[in-house]
Amino acid sequence: MSTMELKNRVEVEDFVRGCAFFGTGGGGLPTNGIDSLMTEITKGNHVGWIDSSDIPDNAMTVCPFLMGSIAPKTDEIVREMESFGLTNPVNKEKERLAKAIGALSEYTGKKVDAVVPIELGGANTPGALAAGILNGVPCIDGDYTGRAIPEIQQTTPYRNSKKLWLVSSVDEFVNVCYIEEAVNYLMVERIGKLIASGAYGLAGQAGFLLSGKEMKQVLIPGTLTQCYETGRLIRESREAGKDPIKAVADKLGAWFIGRGKVTKKETEDKLGYYWGTHTITGSGDSAEKTFRIWFKNENHVLWENDKPIVTSPDIIVVVDARTGEPYANPVLAEEDEVCILALKRRPQFDNKRAIDILGPRFFKFDFDYVPIEESLAGR
């Protein structure tokens, strides 16, 4: 059985760093992802993943995911939560995901044999891996987006017309809900977000009960290994006194967009999503430029001097200008010195159906998607 095992904190941090890099600002907080895995290593559990080829076609796979806003809670929200008696969280992120898997299995009567992360992100990917451990089943080396996304239809199962529901949901205060039937993916997304926002945070949910054969048809394979190798490259380049940003850009074929300081951060927690815009004033070779990045949980539109130059499904990554550490959007703050990188979309999202659900017009912008290799030609 082909497998990868993370044995210590350095390897866990490398993996989570890579997940956060491809999370393009979303996918949860890396500190939570590190905690999810380190607590399992401390217990002596095997933390790692297996190749999809090791899963029989008749096996049953499930996809656990965190649903809801990643916005920091305001004092007003905390007081409101207290009025509902929501003062003592019970489930950490991985426990919400693990219990959602158990609830789904019990409700459907189907035994789960493996888990598949829905996306790449600092908390969502490690959380899925840990949820599998807590249920005694392995995690597959791959995911359904190759990045992080705000809405559940922005996935390869949707693109291939696979069924998402039944969906189970468990929040941090032990409330359990099910979405038994739905009109379509959009309604599952809406209802799922309302369930999560009703519990004031991230709910652990589980769905996409697919056979091993179906899973292999829609999986983006090898992405967990790629995350580990990317995170390790950033660390090792830094330790060797090399430029970690150049190293990772060269390795992944990324475009270096520019560097600067975050001079304005505008955010809003709305409808279960973390919305906002970061303004970055250029410095050094980018001194004559101003960048803006619009995000809905994740980064989706990048402007340079008011011209849109990169949009989803291509990938926009903000990293620390000195260390190369990727930033999650809730953590990125004014005065931070950053660099911006951009990567080409995954091949699975290089089609009209994917662009229709992840391109700029889906997010209500009045311009068309332009592939990054065209918009940045000559740079």
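Hi everyone. Let me start with β3, which supplies three residues to the lining of the largest cavity, the largest share of that lining. Before I go on, please keep in mind that we are looking at a predicted model.

So, that cavity. The structure holds one cavity of 30 Å³ or more, and about 190 Å³ of space lies in the largest one. Its lining is made of 19 residues, and those nearest the centre are L66, M67, E119, N124 and I149. Two elements give two or more residues to this lining: β3, at 60-67, and α7, at 185-198. As for chemistry, nine of the lining residues are nonpolar, five are polar and five are charged.

Let me put the largest pocket next to that. How much space lies in the largest pocket? About 490 Å³. Here 22 residues form the lining, with S69, A71, K73, Y200 and G201 nearest the centre. The elements giving two or more residues to the pocket lining are α3 (75-83), α4 and β10 (255-270). Its residues divide into nine nonpolar, six polar and seven charged.

Now from empty space to packing. The largest nonpolar core has 54 residues, and the members that touch the most others are L6, V12, F15, F21, L37, V62 and L129. Which helix gives the most to this core? That is α1, residues 9-22, with six residues. If you would like one residue to click on, try L129: leaving aside residues up to four places away in sequence, L129 touches F15, L37, V47, G48, W49 and C139. There is also another core, lying apart from the largest one, with 27 residues that include I55, Y144, A182 and I195.

L37 brings us to helix α2, since L37 is one of the buried residues there. Helix α2 covers residues 30-42, 13 residues in total, and spans 18 Å from its first C-alpha to its last, close to the 18 Å expected at 1.5 Å a residue. The buried set in α2 is G33, I34, S36, L37, M38, E40 and I41. Look at the spacing in that list with the usual helix rule in mind. An α-helix has 3.6 residues a turn, so residues three or four places apart point the same way. What covers the buried residues of α2? Among the covering elements are α1, α4 (93-108) and α5 (124-134).

The same helix has another side to show you. T31 also sits in α2; is T31 buried or exposed? T31 is exposed, because its relative accessible area is 57% and exposed means over 50%. For a sense of distance, the C-alpha atoms of T31 and D75 are separated by 22 Å, with their positions 44 residues apart along the chain. And after α2 comes G44, with a positive phi near 90°.

Next, R238, which you will find in helix α9, residues 223-239. R238 counts as partly exposed, because its relative accessible area is 28%, which falls between the 20% and 50% limits. Not counting residues up to four places away in sequence, R238 touches R17, P244, T323 and E325. N299 is 61 residues from R238 along the chain, and their C-alpha atoms are separated by 25 Å.

Let me finish with some backbone details that deserve a look on screen. First, cis peptide bonds. W165 and L166 are joined by one, with omega about 15°, and L166 is in the loop between α6 (156-159) and β6 (167-170). The bond from S312 to P313 is cis too, with omega near 15°. P313 belongs to the loop between β14 (307-311) and β15 (315-320).

Then, positive phi values outside glycine. S161 has a phi near 60°, and S161 lies in the loop between α6 and β6. S161 is exposed, with a relative accessible area of 61%. K364 is not a glycine either, yet its phi is positive, about 75°. Where is K364? In the loop between α11 (352-358) and α12 (372-375). K364 is exposed as well, with a relative accessible area of 75%.

That's my tour. Thanks for listening, and I'm happy to take questions.

Notes. Residues are numbered from 1 along each chain as its sequence is written. This is a predicted model: local features need pLDDT of at least 70, side-chain atom pairs count only at pLDDT 80 or more; totals for chains, interfaces and linings use all residues. Side-chain values use heavy atoms; hydrogens and water are left out. A nonpolar core is a set of buried Ala, Val, Leu, Ile, Met, Phe, Trp, Tyr and Cys residues joined through side-chain atoms within 4.5 Å. Buried means under 20% relative accessible area, exposed over 50%, partly exposed in between (1.4 Å probe, protein chains only). Helices (H or I, at least four residues) and strands (E, at least two) are DSSP runs, numbered from the N terminus. Contact means heavy atoms within 4.5 Å. On a 1 Å grid over the protein atoms alone, a cavity is a set of points where a 1.4 Å probe fits but cannot get out, and a pocket is an open set with protein on both sides within 12 Å along at least five of seven lines; lining residues have an atom within 4 Å of a point. Grid points are joined across faces, edges and corners, and a volume is the space filled by probe spheres set on the points. Ala, Val, Leu, Ile, Met, Phe, Trp, Tyr, Cys and Pro count as nonpolar, Asp, Glu, Lys and Arg as charged, and the others, Gly among them, as polar. The expected span of a helix is 1.5 Å times one less than its number of residues.
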